[in-house]
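Q: Please look closely at the enclosed space inside this model, if there is any. I would like to know what surrounds it, and how the side chains there and elsewhere are linked to one another.

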Amino acid sequence: METTFSNLSLQFLVILLALASLIEISLGGRQIDPKSSTQFIKTSCSSTRYPDLCCASLLSQASTIQTSPQLIVHAALNVSLSNAKTTTASMVQLSKTHGLLPKQTNAMQDCLEVLRDTEEELRKSIGEMDKITSSNSGLTINNIQTWVSAALTDEGTCSDVFEGKSISSNAKTSVKSQLLTVAHLTSNALALINDYASHLA
């Protein structure tokens, strides 16, 4: 009986060791400390123009980002796209405001078109991030930088919408704040992309 128990204990230990090895292999031979992931994000965000916003938008994804320069760029682009979609929805709602002047209506439509361009540029950038290889990294990163720069430019072209008194101040404040946040998030994503590019060079 005692021998049987010893054999079972030994088998259990062997199974545990095998599982530990498999886990280590699945993580690429390295264990990621949550603290190191958090520190990596904070350090990466320190090179952006809006580091506090960068950290606030990415720290919740530390377990996914780990310490990967590619994954932090991917996450930053997704956050920017998500916020761009929310802002577009707010602009659509604002465009239904009664009493808008023709100039404001036209500016609103222009702004919505620009925001949709922003969404498309961010989507293309996210798609390209998944295609980066050692052989095409230079060209691919250049494409991403071009699209994200264009998205950032697009986001700065909506100020005319907020002239005049036909739009309530609350609506103006809300959407202007959202536009600013999207622009800041996109600026941060671009800074992280530039950092990533410098590591690949």
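## The cavity and its lining

A: The largest cavity has a lining made up of C54, S57, L58, A76, V79, L185, N188, A189 and L192. Three elements each give two or more residues to this lining: α3 (51–58), α5 (69–95) and α8 (169–200). The greatest contribution is that of α8, which supplies four residues. By residue number, L185, N188, A189 and L192 fall within the range of α8, A76 and V79 within that of α5, and C54, S57 and L58 within that of α3. It should be said at this point that the model is a predicted one.

The space enclosed by these residues amounts to about 40 Å³. A search of the whole structure for cavities of 30 Å³ or more returns one. In chemical character, the lining divides into seven nonpolar residues and two polar ones, with no charged residue among them. The two polar members are S57 and N188, because Ser and Asn are outside both the nonpolar and the charged lists, whereas Cys is counted as nonpolar.

One lining residue, C54, leads directly to the covalent chemistry of the model. A disulfide joins C54 to C45, with an S to S distance of 2.0 Å. A search of the whole structure finds one disulfide. The angle about the S-S bond is -65°, and the link of C45 and C54 is left-handed. Both of these cysteines are buried.

What keeps C55, the residue that follows C54 in number, from a bond of this kind with C45? The sulfur of C55 has its closest cysteine sulfur in C45, but the two are 4.0 Å apart, which is too far for a bond. A disulfide requires the sulfur atoms to be within 2.5 Å. C55 also counts as buried, at 15% relative accessibility.

The ionic contacts can be taken next. The structure holds three salt bridges. R123 takes part in a salt bridge with E119, where the closest N and O atoms are 3.2 Å apart. R123 is also paired with E120, in a salt bridge of 3.7 Å from N to O. E119, E120 and R123 are therefore linked in a network of salt bridges, since a side-chain nitrogen within 4 Å of a carboxyl oxygen is the condition for each link.

This network belongs to helix α6 (residues 102–129), in which R123 and E119 lie four residues apart, about one turn of the helix. E120 and R123 lie three residues apart in α6, again about one turn. The members of the network vary in accessibility. E119 is buried, with a relative accessible area of 9%, whereas E120 is partly exposed at 38%. R123, the residue paired with both, is partly exposed at 37%.

A further salt bridge is formed by E128 and K131, whose closest N and O atoms are 3.5 Å apart. Here a buried residue is paired with an exposed one: E128 counts as buried at 14% relative accessibility, and K131 is exposed, with a relative accessible area of 51%.

Taken together, the cavity lining has no charged residue, while C54 belongs both to that lining and to the disulfide with C45.

Key
Residues numbered from 1 in each chain as written. Predicted model: local features only at pLDDT ≥ 70, side-chain atom pairs only at ≥ 80, totals over all residues. Heavy atoms only, no water. 1 Å grid on protein atoms, 1.4 Å probe; cavity = no way out; pocket = protein on both sides within 12 Å on 5 of 7 lines; lining within 4 Å. Points joined across faces, edges and corners; volume = space filled by probe spheres on them. Buried < 20%, exposed > 50% of the residue type's maximum accessible area, 1.4 Å probe, protein only.
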